[in-house]
Amino acid sequence: MNIYVDCRIKDEARRAELYRGSIFLLSPSTNALKLCQLAQEMIADAFRPVDPMKVHEQIPPEQCAAILSELKPKFIHHPLSKQYIQGMLAEAGCDLSHTYFDVPRIRTAFPGDYLKSGIAYAFHPHRDTWYSAPFCQTNWWMPIYDVNRENCMAIHPHYFDRPIKNGSRHYNYHKWNVESRLTAAQHVKSDTRVQPKPEEPLILDPDLRLVCNVGGAYLFSAANLHSTVPNTSVAPRYSIDFRTVHLADVLNRSGAPNVDSECTGTTMSDYIRGTDFSPLPAEAIALYQDGTELLYTKAVTRMGIDRHWSKEAEP
Ligand SMILES: [Fe+2]
């Protein structure tokens, strides 16, 4: 795999490289900085008078979880967050009329043992494709405040094309929406939700930790194995991530190779077009549906679950 830094490359060629496991690092852009600033303001408002960098020292984890469970969906639904992503994608050379994105999430990773589950879930090594993401999905990750090697995110590139025994066969995205998402904030001390995890010992050292400035971002394939770095620093990590797919790749069913994912269902209904926020065409979504969506759609409607309500519960 290769790491491209601010490389002038067409989006189509970039996607082809992403599907081979490569990573693209982008320097801060105008809209990415605005997105981070919006997140900083919302985080400061939510925790005031507590300094967001001292949360773990000054308030109990239960209180922090309650604050995050209001803050995170508020950010997802803020009209400006979508607008800034639109701008950010355009600045990164994506064709907005063919690029679809999923709503952005704020993630948190606190030092030590403080709040590691539920609303601030510390992700074990996983591929998003174990969680019903398509193989043409690109993940975008960006820090909201400065990060360092002790509180960032890790990628495990040597597993990109190496199968791992894992629990994805038990995961269905539609089932997850009904059964687990709404309870994210209740899992303060431990997380009992069943998630696809590696079922064999992994060699996670060495890993790859990309440390970029606020407003910077890096892109990697949903098939790349990645994890939350155990936060051994003194500061919490706040970050934003979101996903994109390109219509041509969705229709062609192109993307990274599937080496070990056995989940069912699809996240394909969640992406919205870069221009007008409309969903993917029904015939495109249908290519990825396996019938399991029908089993749970009624329950989602009956329970009034907003698919975007608590997206931080996803990988
Ligand atoms: Fe993930």
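**Notebook: strand 9, the iron site and the cores**

I began with the pairing of strand 6 (residues 153-155) and strand 9, which run in the antiparallel sense and are joined over 3 bridges. I note at the outset that I am working from a predicted model. Looking for a residue pair across these two strands, I found Met153 standing opposite Thr228 in strand 9.

I then looked up the sheet to which this pair belongs, and it is an open sheet of 3 strands in the order 7-6-9, with antiparallel pairing. Strand 7 (208-209) and strand 9 stand at the edges with a single partner strand each, so one side of each is left without a neighbour in the sheet.

Next I turned to the iron ion and asked which protein atoms are its donors. I listed His126 (NE2), Asp128 (OD) and His226 (NE2), which lie 2.1 to 2.2 Å from the iron ion. Along the chain these donors follow the spacing H-x1-D-x97-H. Asp128 sits in the loop between strand 4 (105-109) and strand 5 (138-143), whereas His226 belongs to strand 9, so the pair ties together parts that are 98 residues apart in sequence. I also checked the accessibility of these two donors, and both Asp128 and His226 are buried.

From there I went to Asn224, which I located in the loop between strand 8 (217-221) and strand 9 (226-228). Is Asn224 buried or exposed? I entered it as buried, because its relative accessibility is 0%, and the cut-off for that label is under 20%. A polar atom of the Asn224 side chain lies 3.3 Å from the backbone oxygen of Gly21. Leaving aside residues up to four places away in sequence, I recorded that Asn224 touches Gly21, His126, Arg127, Ile155, Pro157 and Phe160; of these, His126 is one of the donors of the iron ion.

Last, I looked up the nonpolar cores. The largest has 55 residues, and those with the most contacts inside it are Phe47, Val55, Cys64, Trp140, Met142 and Leu280. Helix 2 (residues 30-47) gives the largest share of this core, with 8 residues. I followed up Cys64 and found that, not counting residues up to four places away in sequence, it touches Phe47, Val55, Ile59, Phe110, Tyr114 and Leu115. Another core, of 11 residues, lies apart from the largest one, and I noted Tyr131, Tyr159, Leu225 and Cys263 among its residues.

Notes
Residues are numbered from 1 along each chain as its sequence is written. This is a predicted model: local features need pLDDT of at least 70, side-chain atom pairs count only at pLDDT 80 or more; totals for chains, interfaces and linings use all residues. Side-chain values use heavy atoms; hydrogens and water are left out. Helices (H or I, at least four residues) and strands (E, at least two) are DSSP runs, numbered from the N terminus. Buried means under 20% relative accessible area, exposed over 50%, partly exposed in between (1.4 Å probe, protein chains only). A polar contact is a pair of N or O atoms within 3.5 Å; within protein, one must be able to donate a hydrogen and the other to accept it, and residues adjacent in sequence count only if both atoms are side-chain atoms. Contact means heavy atoms within 4.5 Å. Donors are N, O and S atoms within 2.8 Å of the metal (3.2 Å for Na, K and Ca); water is not among the atoms, so sites may look incomplete. Two strands pair if DSSP finds at least two bridges between them. A nonpolar core is a set of buried Ala, Val, Leu, Ile, Met, Phe, Trp, Tyr and Cys residues joined through side-chain atoms within 4.5 Å.
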